[in-house]
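Trainee: I am new to this structure and would like a close look at a single part of it, the sheet and what lies around it. Could you take me through that part slowly, in one connected account?

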Amino acid sequence: MFDLVAGFCHSQILQALVAFEIPQMLLQHELTADALAAEARTPLDRMQVLLSGAVAIGLLKRRRSGRYALTTRGAALAGVPGLAGMISHHDVLYLDLADPVAFFRGEVETELAEFWPYVFGAGGATDPEVTATYSQLMADSQVLVAEDTLATASFGGVRRIMDVGGGTGAFLAAVGAAYPDLQMTLFDLPAVVPAAQARFADLGMADRVTITPGSFRDDPLPEGADLISLIRVLYDHSDETVIALLRAVYDALPDGGSVLISEPMTGGKRPERAGDAYFALYCMAMRTGKARSADQIAALLDRAGFVDLQKPRSRRPFVTSLVTGVRQS
């Protein structure tokens with residue numbers, strides 16, 4: 001119970017470490033509290049409290065020399081792509097949760113939705129600077145999602161995959177590297193196209209990828225893919241939007257074609273920490289979508305006409321979980 005009570009303080013220690021870029025500094029050299037205080041322009045006594053707190057929660061260790069170093073867990077803050085960025089933007093979520101009673105009553109005009117404007121439709125995601133911010137954050141964090149999706153799903157026999165809402169192509173790039181003969185289509189808003197083109201050109205995959213700009217809310221999905229992936233898309237949207245999207249996916253697939261859904265999910269009848277005590281709140285703060293269980297997603301796929309619904313066990317549910325379906329032959 002004490003760990004739950006103290007959890008917010010722990011998260012703020014983490015937030016401060018990232019904001020001060022202490023993991024990046026310690027990845028290069030072990031440093032004393034004096035040196036870190038000087039770099040962070042923070043009073044020494046306050047820096048010492050922060051560093052001791054970080055040691056206590058397992059992010060740092062203090063050498064006998066007085067210098068501080070990263071633990072294995074702390075090193076992830078500097079080494080895992082996108083992790084620092086994901087932590088940094090949580091200051092917005094924490095503000096939204098400052099009054100939890102008002103939050104759960106629906107009386108808070110949350111700020112997190114402004115951080116992800118695309119969930120309200122294409123009009124909110126046309127500003128290049130805003131688009132670049134969320135596209136980079138999504139692309140960085142997509143690395144882990146791609147790893148776990150590739151480890152769980154089978155792409156055998158797939159000739160062309162289309163990733164809908166695929167951003168700048170981070171997921172498709174990982175799939176393309178794992179399956180060199182696979183042809184790919186990326187479908188997302190026009191604002192992300194230039195960055196996606198640059199990514200695939202740099203990777204030497206431009207001749208294997210067709211990039212089609214559009215909004216799945218307003219535009220028909222391109223045909224020609226025998227597998228369509230929706231990677232961290234559904235939980236951004238309402239059931240009404242999701243069922244319309246899944247029906248569009250069904251229509252775009254050939255008979256026997258498949259859909260792959262990969263995103264964090266709740267535990268359903270058996271609530272679990274990542275999905276029910278984090279992602280469910282995060283989605284609520286976004287004001288448009290919701291975290292769903294694998295069973296709930298399967299039910300939506302069933303409504304859209306898909307059969308042979310599968311819920312393969314993922315190795316890290318806090319990263320992603322999968323549900324697949326097949327268009328009837």
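Mentor: In this predicted model, seven strands form an open sheet with mixed pairing, and their order across the sheet is 5-4-3-6-7-9-8. Strand 5 (209–213) and strand 8 stand at the two edges, and because each has a single partner strand, one side of each is left without a neighbour in the sheet. From one strand to the next, the twist averages 20°.

Let us begin at the edge formed by strand 5. Strand 4 (residues 183–188) runs parallel to strand 5, and five bridges join the two; within this pair, D188 stands opposite P213 of strand 5. Helix 12 (residues 193–202) packs on the sheet here, where it touches both strand 4 and strand 5, and its direction makes about 175° with that of strand 5.

At the other end of the order, the pairing is antiparallel. Strand 9 (residues 321–327) is joined to strand 7 (residues 258–263) by six bridges, the two strands running antiparallel, and V259 stands opposite G325 in strand 9. Strand 8 (residues 306–310) also runs antiparallel to strand 9, with three bridges between them, and there Q310 stands opposite T324 in strand 9. Strand 9 itself is mostly covered, since six of its seven residues are buried. Helix 15 (residues 294–304) lies across strand 7, strand 8 and strand 9, and runs at about 160° to strand 8.

Between strand 5 and strand 6 (227–231) there is a loop, and A225 has its place in it. Is A225 buried or exposed? A225 has a relative accessible area of 3%, and because the cut-off for a buried residue is under 20%, A225 counts as buried. Leaving aside residues up to four places away in sequence, A225 touches R160, I161, M162, A252, L253 and P254. For a sense of distance along the chain and through space, A225 and G166 are 59 residues apart in sequence and 15 Å apart from C-alpha to C-alpha.

With the sheet described, we can turn to some of the helices, starting with helix 3 (residues 33–40), in which A33, L36, A37 and A40 are buried. Why do these residues belong to the same side of helix 3? They lie on the same side because they cover an arc of only 100° around the axis, whereas A38 and E39, on the other side of helix 3, are exposed. The buried residues of helix 3 are covered by parts of the structure that include helix 2 (22–28), helix 4 (44–56) and strand 2 (68–70). Just after helix 3, R41 takes a positive phi of about 55°.

Helix 4, which is among the elements covering helix 3, also meets helix 1 (residues 2–19): their axes come within 10 Å and cross at roughly 115°, and the crossing is left-handed. On the side of helix 1 the contact is made by I13, A16 and L17, and on the side of helix 4 by L50, G53 and A54. Sorted by kind, the residues of this contact are five nonpolar, one polar and no charged.

Technical notes:
Residues are numbered from 1 along each chain as its sequence is written. This is a predicted model: local features need pLDDT of at least 70, side-chain atom pairs count only at pLDDT 80 or more; totals for chains, interfaces and linings use all residues. Side-chain values use heavy atoms; hydrogens and water are left out. Buried means under 20% relative accessible area, exposed over 50%, partly exposed in between (1.4 Å probe, protein chains only). Helices (H or I, at least four residues) and strands (E, at least two) are DSSP runs, numbered from the N terminus. Two strands pair if DSSP finds at least two bridges between them. The arc is that of the directions from the helix axis to the C-beta atoms. Contact means heavy atoms within 4.5 Å. Axes are lines fitted to C-alpha atoms, for helices over the stretch in contact, and angles run from 0 to 180 degrees between N-to-C directions. A crossing is left-handed if the near helix is turned anticlockwise from the far one by less than a right angle, and right-handed if clockwise. Ala, Val, Leu, Ile, Met, Phe, Trp, Tyr, Cys and Pro count as nonpolar, Asp, Glu, Lys and Arg as charged, and the others, Gly among them, as polar.
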